[in-house]
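Let's take a walk through this structure together, one piece at a time. Keep the 3D view open and turn it as you read.

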Amino acid sequence: MATFKLFNNHIRKSFALLALAEALIFYVSVFVAVSLRFTTTDFSQIAESVDHISLKATVFMVLHMLFMVALGLYQVDQFKGRTSLPQMTARIIVSMLLVTLGLMVVYYLVPVTELGRGVTALALITSFSGMLILRRLFFSMVDGNLFISKILVLGVGHKALSILKLAESQTNPSFKIKGFVATPEQGREVPEGQIIELGDSLLQSARKLQINEIVVALDDRRKGYPVQHLLDCKLAGIKILEPVSFLEREQGKVNLAHLNPSWMIFGDGFAVSMAKEMLSRVFDIVASLGILILMSPILLVTAFLIGLEGWFREPILYRQERVGKNGHRFELLKFRSMRIDAEKNGAQWAAKHDARVTRVGRFIRKVRIDELPQILNILKGDMRLVGPRPERPEFVNKLSESIALYQERHSVKPGLAGWAQLKYPYGATEEDAYEKLQYDLYYIKNANPVMDFFILLQTLEVVLFGKGAR
């Protein structure tokens, strides 16, 4: 199997191994730097040369890993073809710069963790070189189909075809389809050249093809459902999956095209508990206060610039009604980024290069500063730091009529940041809302504090690179 589950989230084994290898590089680079700085290879002398070297190496490693994750350097998108290597290198450089700033802050706050300037510089150069070499090797391994799960698809109809299209669309897939098994009375949409007849033993075919997983993608399970064949495979240690669970793992979203309510009812996830809600609330309050304190200079400057642009005659904050948990409506706060008459013709989605956006608004929307006043909504309890983005009542009413399960996204509090915002660009159409709902349902199903932390961390990439801004 090419993935494993950690804190309800599917992690690619290849990227987990890459992260572990790079963490080791970051840790060891401190020792290498000390060795080069003091021209010694004796470990005892290295330990004597720098006090608390293990602690300092750990801090160096943790900061590197946090910023690498924050800039999306363990995401599949960064490995799409060799042309992405220069872009990845640029992101690594940005990460190194942020690590340098982070180290300066940590050294000031916790002096015991400080490395000398010379050692720090050598450690940064060593870790940067080690990363480039390792990632070059990783590209070769991924291109060589290392860590690829071999799957057999039971079915040759519409569901099976959607899995085939997913496989064909992926540059670096985590799975490889070895064939599609046809059963009696099933319509055929998969190319004939990839079809395998069921025969006397599905298990024998699976063993011959060295299959790791079987995806049961029958369009109609009432016809030709091979119960004994699947049971034999299950007892032989081959994992059996249904399409929705398989696509959830591979796409990071709940695929609405194949979803039925029973999957949500009987499947895992969608857990709610008083302890979880209390922990989330404490996390939101503490983190929001921290963000408010750290960002206060930016908030003040932004408020001044918006006021100045409107000659201090126009409002700085913009209030807008949104739909929250269980349909509760609340007043969302934002820095005003559009003209005061922007909605004289009624509610409408923001368009690309929207003429209603002001000069200051264009910048603060790009780096998401306009959203920061929502920290007050979080402290009030209407929102969370992480969750589906709150939508306007006019759009909710319209989308609920045309998109099944759209109301389910209101089973949790909306958030300032979200899984859908990381995975999908700004949505301005009904089709976009449909796509984003699939990511929102994935978040609701798998949400936990660890996932929230990493979503917040990766939101830094959205801010720095202006992903999806309008």
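In this predicted model, helix 6 passes helix 9 in a left-handed crossing. Who does the touching? On the helix 6 side you'll find Lys159, Ile163 and Leu166, and they meet Pro243, Phe246, Leu247, Glu250 and Gln251 of helix 9. Sort the residues of this contact by class and you get 5 nonpolar, 1 polar and 2 charged.

Now for the geometry. When two helices pack, we describe them by the angle between their axes and the distance between those axes. Here helix 6 covers residues 158–169 and helix 9 covers residues 243–251; their axes come within 11 Å and cross at roughly 15°. Angles under 35 degrees count as roughly parallel, and therefore helix 6 and helix 9 are roughly parallel to each other.

Next, look for the sheet. It's an open one with 5 strands, and if you read across it the order is 5-4-3-6-7, with parallel pairing. As a reminder, strands in a sheet pair through backbone hydrogen bonds, and they can do so parallel or antiparallel. Which strands sit at the edges? They are strand 5 (195–197) and strand 7 (239–241), each of which pairs on one side only. The sheet isn't flat, either: ignoring direction, neighbouring strands are turned by 30° against each other on average.

Zoom in on one edge. Strand 4 (residues 175–182) and strand 5 run parallel and are joined by 3 bridges. There, alanine 182 stands opposite glutamate 197 in strand 5. Helix 9 shows up again here, as it packs on the sheet and touches strand 3 (149–154), strand 4, strand 6 (213–216) and strand 7. The direction of helix 9 makes about 120° with that of strand 6.

Finally, let's visit a couple of loops. Most residues other than glycine have a negative phi. Glutamine 210 goes the other way, with a positive phi near 55°. You can spot glutamine 210 in the loop between helix 7 (202–208) and strand 6. Is glutamine 210 buried or exposed? Exposed is the label for residues over 50% relative accessible area, and glutamine 210 has 53% relative accessibility, so it counts as exposed.

Phenylalanine 312 also has a positive phi, near 55°. Phenylalanine 312 lies in the loop between helix 11 (274–309) and strand 8 (317–323). With 51% relative accessibility, phenylalanine 312 therefore counts as exposed.

Definitions and conventions: Residues are numbered from 1 along each chain as its sequence is written. This is a predicted model: local features need pLDDT of at least 70, side-chain atom pairs count only at pLDDT 80 or more; totals for chains, interfaces and linings use all residues. Side-chain values use heavy atoms; hydrogens and water are left out. Axes are lines fitted to C-alpha atoms, for helices over the stretch in contact, and angles run from 0 to 180 degrees between N-to-C directions. Helices (H or I, at least four residues) and strands (E, at least two) are DSSP runs, numbered from the N terminus. Angles under 35 degrees count as roughly parallel, over 145 as roughly antiparallel, 65 to 115 as roughly perpendicular and the rest as oblique. A crossing is left-handed if the near helix is turned anticlockwise from the far one by less than a right angle, and right-handed if clockwise. Contact means heavy atoms within 4.5 Å. Ala, Val, Leu, Ile, Met, Phe, Trp, Tyr, Cys and Pro count as nonpolar, Asp, Glu, Lys and Arg as charged, and the others, Gly among them, as polar. Two strands pair if DSSP finds at least two bridges between them. Buried means under 20% relative accessible area, exposed over 50%, partly exposed in between (1.4 Å probe, protein chains only).
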